[in-house]
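Grab a pencil and work through a few short exercises on the structure below. Try each task yourself before you read the solution.

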Amino acid sequence: RQRQMCIRDRYDTGECNGLGVIEKKIEKSSPVEFVLIALGTNDVKIKYGPPDAADVVDGIDKMVSIIKSGNSGARPILLTPPPLGNVTSGDLAGAQDRIPPVVEEYLCYATTQHIPIIDLYATMHADTDLEPDGVHLNTSGRSRVAGIVRGNLLSLRAEPPGFLSSK
């Protein structure tokens, strides 16, 4: 189940969602080399305001701070949200227009904080990589993400931290 990071949602267990459990999960799963953070799509839902791009990135910053402050040595890697199709109803109605500013904030944050980032937004295609709902990845999209992430993780092990390719 996908969860909000900083805004309590209907599934909230009183721990501010993922932020309240990430440290325990990393500790339980240690050793952990990388923690991939892929946030943004659910954060732009209408029922959450929707928050602006800076609010979404503030949640990412909180997650990164928790990961870096732990003793696991895990390195955070950011994944931008993929593009959305033309969503016309539900909580994500119009979200295709709210995602680009989130991606811009993500890229700026990653650059200034020297955190590796995989830009799925630049690589994925709403017309070929999404289900008909315009939100969820289809088989092609999931395969594309897996290949991109795998390739970047392999290169990250061989190179110092920095901006990762989305190819």
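**Exercise 1. Find which residues of the largest nonpolar core touch the most other members.**

Solution. Step one: know what to look for. A nonpolar core is a set of buried Ala, Val, Leu, Ile, Met, Phe, Trp, Tyr and Cys residues joined through side-chain atoms within 4.5 Å. Buried means under 20% relative accessible area, exposed over 50%, and partly exposed in between, with a 1.4 Å probe and protein chains only.

Step two: pick out the hubs. The largest core has 30 residues, and Val35, Ile37, Ile60, Ile67 and Leu78 touch the most other members.

Step three: see where the core comes from. At least two of its residues are supplied by each of α1 (18–29), β1 (34–37), α2 (53–69) and α3 (95–113). Helices (H or I, at least four residues) and strands (E, at least two) are DSSP runs, numbered from the N terminus.

Step four: look for a second core. Another one lies apart from it, with ten residues, including Phe34, Ile118, Val145 and Ile148. As a rule, in soluble globular proteins nonpolar side chains tend to be buried together.

A word on the ground rules: this is a predicted model, where local features need pLDDT of at least 70, side-chain atom pairs count only at pLDDT 80 or more, and totals for chains, interfaces and linings use all residues. Residues are numbered from 1 along each chain as its sequence is written, and side-chain values use heavy atoms, with hydrogens and water left out.

**Exercise 2. List what isoleucine 67 is in contact with, leaving aside neighbours within four places in sequence.**

Solution. Contact means heavy atoms within 4.5 Å. On that basis, isoleucine 67 meets Ile22, Ile26, Val35, Ile37, Ala74 and Pro76.

**Exercise 3. Is glycine 40 buried or exposed?**

Solution. First, locate glycine 40: look in the loop between β1 and α2. Next, check its relative accessible area, which is 2%, so glycine 40 is buried. Then ask who is around: not counting residues up to four places away in sequence, glycine 40 touches Val56, Pro81, Ile99, Val102 and Tyr106. Finally, try valine 57: 17 residues separate it from glycine 40 in sequence, and the C-alpha atoms are 8.2 Å apart.

Tyrosine 48 sits in the loop between β1 and α2 too. With 14% relative accessibility, tyrosine 48 counts as buried. Its C-alpha is 8.9 Å from that of aspartate 91, 43 residues apart along the chain.

**Exercise 4. Work out which residues of α2 and α3 meet.**

Solution. On the α2 side you'll find Ala53, Ala54, Val56, Val57, Ile60, Asp61, Val64 and Lys68, and on the α3 side Pro101, Val102, Glu105, Tyr106, Tyr109 and Gln113.

**Exercise 5. Spot what is unusual about the backbone at proline 31 and histidine 114.**

Solution. Start with the background: most residues other than glycine have a negative phi, and most peptide bonds are trans. Now take proline 31, in the loop between α1 and β1. The peptide bond leading to it from serine 30 is cis, with omega near 5 degrees. Move on to histidine 114, in the loop between α3 and β3 (117–118). Here phi is positive, near 55 degrees, in a residue other than glycine. With a relative accessible area of 64%, histidine 114 is exposed.

**Exercise 6. Count the helices and strands.**

Solution. The protein chain has six helices and three strands. Read along the sequence, they follow the pattern α-β-α-β-α-β-α-α-α.
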